[in-house]
Amino acid sequence: MFDLIIRNANLPDGRSGVDIAVMGATIAAVGVRIDATAREEIDATGRLVTPPFIDPHFHMDATLSLGLPRMNRSGTLLEGIALWGELRPTLTREALVERALRYCDLAVTQGLLAVRTHVDTSDPRLVTIEAMIEVRERVKPYLDLQIVAFPQDGYFRAPEGVAAFNRALDMGADIVGGIPHFERTMEEGRLSVEALCRIAADRGLPVDMHCDETDDPLSRHVETLAQQTVRFGLQGRVAGSHLTSMHSMDNYYVSKLIPLIAEAGMNVIPNPLINIMLQGRHDSYPKRRGMTRVKELMEAGINVSFGHDCVMDPWYSMGQGDMLEVGHMAIHVAQMASMEDKSRIFDALTVNSARTMGLQGYGLEKGCNADLVILQARDPAEALRLKPVRLAVIRRGRVIARTAPQIGQLFLEGRPAEIDGGRDFAPKI
Ligand code: FE2
């Protein structure tokens with residue numbers, strides 16, 4: 001007898017009518033019509049069952065702070081950074097923890113069970129790091145939180161930036177961050193990449209940098225990051241977040257750069273919602289989209305995963321912890337709307353981001369963690385179209401969140417009484 005069986009599931013790879021049996025915290029069997037009983041059974045009724053959504057790029061120390069101490073009037077990245085600088089001295093550990101826990105509650109109901117957060121180290125009080133380390137411990141039973149030490153005001157540029165950064169790592173941050181395009185000069189940016197990769201090599205940590213988050217085609221720190229990755233033997237442990245300058249780069253240069261990124265085994269993390277909102281701000285018309293070259297990077301075999309980046313903070317006044325909203329935007333901005341493309345985008349919200357974060361036991365095979373999400377949609381393409389309700393969210397074999405299906409009632413003569421948002425419209429392709 002199993003602890004739990006989910007019956008009649010559609011899987012992201014296209015298999016349908018599949019049962020998933022769970023024993024304790026682990027998937028014990030996956031197959032068509034498992035002939036066994038369980039203490040609890042859930043009928044997925046032909047809906048999509050997926051491993052959880054994973055967000056590899058977020059700012060948990062800033063989330064839900066919208067309006068504090070004021071709104072971002074211009075809406076630009078730079079005013080956002082300035083506004084965050086105003087808020088930062090007033091931050092308390094209690095308020096940071098409370099907001100982060102509230103965001104994690106929201107994330108869980110959205111089936112988002114692992115988040116990599118960049119945490120600002122620019123204020124030498126490091127109350128941000130202290131608070132996020134507390135949150136990492138408190139959410140551990142239901143959400144994996146990775147902490148990137150992130151020198152928001154510049155590793156070299158911020159007063160006491162270097163010392164505070166190193167202390168954040170000593171306190172227990174998991175990953176080395178960086179922001180080379182925000183250092184004072186291109187040269188200091190390059191030197192920061194080198195110094196930070198050296199720290200990662202010495203401490204045996206991964207690297208995840210905000211890199212070239214600008215429309216300037218000559219912002220080429222990603223090249224240095226790839227080179228230093230190889231130099232320090234960090235292949236597979238390095239992520240370049242944003243890489244928006246690649247959108248504006250010369251095509252010849254990119255044809256040389258992408259193979260270099262592939263050779264270095266770098267992970268790439270675009271943030272479609274924030275990129276489309278913040279890039280192109282110095283353009284009149286036409287306005288550039290600013291997102292990096294997702295399709296070309298994927299075609300070169302590079303691991304691309306998408307981040308949410310911001311929810312209700314100085315940079316972005318929207319968001320709801322829904323990684324399908326992120327994927328939905330990616331489809332539009334990258335113009336990737338074929339069935340194959342949608343499948344690749346769904347992977348970029350799930351398996352690719354699990355790989356970026358180095359999560360163990362992620363997946364739908366026997367022996368994987370019993371971490372599962374049942375959606376009110378029948379396949380990944382429909383999930384991306386509808387951003388549907390997460391009917392059940394399961395962590396290590398236990399249901400930790402449920403949401404009632406969205407059923408519209410109709411009161412029209414000769415028309416159906418109910419519309420199941422998940423299934424009634426889509427033609428079978
Ligand atoms: Fe970010």
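# Exercises on a predicted model

In this predicted model, helix α1 supplies the largest share of the lining of the largest pocket, namely three residues.

## Exercise 1: the largest pocket

Describe the largest pocket by its volume, by the residues nearest its centre and by the classes of residue in its lining.

Solution. Start with the space itself: the volume of the largest pocket is about 560 Å³. Next, turn to the lining, which is formed by 34 residues, and note that L77, L78, H181, E213 and T214 are the ones that lie nearest the centre. Then ask which elements give two or more residues to this lining; they are α1 (77-87) and α9 (272-278). Finally, sort the lining by class, which yields 12 nonpolar, 13 polar and nine charged residues.

## Exercise 2: helix α6 and its two partners

Work out how α6 is placed against α8 and against α5, and list the residues that make each contact.

Solution. Take α8 as the starting partner: helix α6 (residues 221-231) packs against helix α8 (residues 251-263) at an angle of about 30°, and their axes are 9 Å apart. Because angles under 35 degrees count as roughly parallel, α6 is roughly parallel to α8. The handedness of this crossing is left-handed. On the side of α6 the contact is made by V222, E223 and A226, while α8 contributes Y253, L257, L260 and I261. Sorted by class, the residues of the contact of α6 with α8 comprise six nonpolar, no polar and one charged.

Now move to the other partner, helix α5 (residues 186-203), whose axis comes within 9 Å of that of α6 and crosses it at roughly 25°. This angle makes α5 roughly parallel to α6, and the crossing of α5 and α6 is right-handed. From α5, the residues M186, G189, R190, V193, E194, C197 and R198 meet H221, T224, L225, Q228 and R231 of α6. The classes in the contact of α5 with α6 are four nonpolar, four polar and four charged.

## Exercise 3: helices α11 and α12

Decide how α11 is oriented relative to α12, using the angle at which they pack.

Solution. Begin with the geometry: helix α11 (residues 323-333) and helix α12 (residues 339-349) pack at an angle of about 140°, and their axes are 10 Å apart. Since roughly antiparallel requires an angle over 145 degrees and roughly perpendicular one from 65 to 115, α11 is oblique to α12. The crossing of α11 and α12 is right-handed. Looking at the residues, M323, L324, V326, G327, A330 and I331 of α11 make the contact with K342, I345, F346 and L349 of α12. By class, these residues of the contact of α11 with α12 divide into eight nonpolar, one polar and one charged.

## Exercise 4: backbone exceptions

Locate the cis peptide bonds from L68 to P69 and between Y285 and P286, and place L126, which has a positive phi.

Solution. Recall the background: most peptide bonds are trans, and most residues other than glycine have a negative phi. The bond from L68 to P69 is cis with omega near -15°, and P69 is found in the loop between β6 (53-58) and α1. Y285 and P286 are likewise joined by a cis peptide bond, with omega about -5°, and P286 sits in the loop between α9 and α10 (294-299). L126, although not a glycine, has a positive phi of about 55°, and its place is in the loop between β7 (112-120) and α3 (127-139).

Technical notes
Residues numbered from 1 in each chain as written. Predicted model: local features only at pLDDT ≥ 70, side-chain atom pairs only at ≥ 80, totals over all residues. Heavy atoms only, no water. Axes fitted to C-alpha atoms, helices over the stretch in contact; angles between N-to-C directions. Helix = DSSP H or I, 4+ residues; strand = E, 2+ residues; numbered from the N terminus. Left-handed = near helix turned anticlockwise from the far one by under 90°. Contact = heavy atoms within 4.5 Å. Nonpolar A, V, L, I, M, F, W, Y, C, P; charged D, E, K, R; others polar. 1 Å grid on protein atoms, 1.4 Å probe; cavity = no way out; pocket = protein on both sides within 12 Å on 5 of 7 lines; lining within 4 Å. Points joined across faces, edges and corners; volume = space filled by probe spheres on them.
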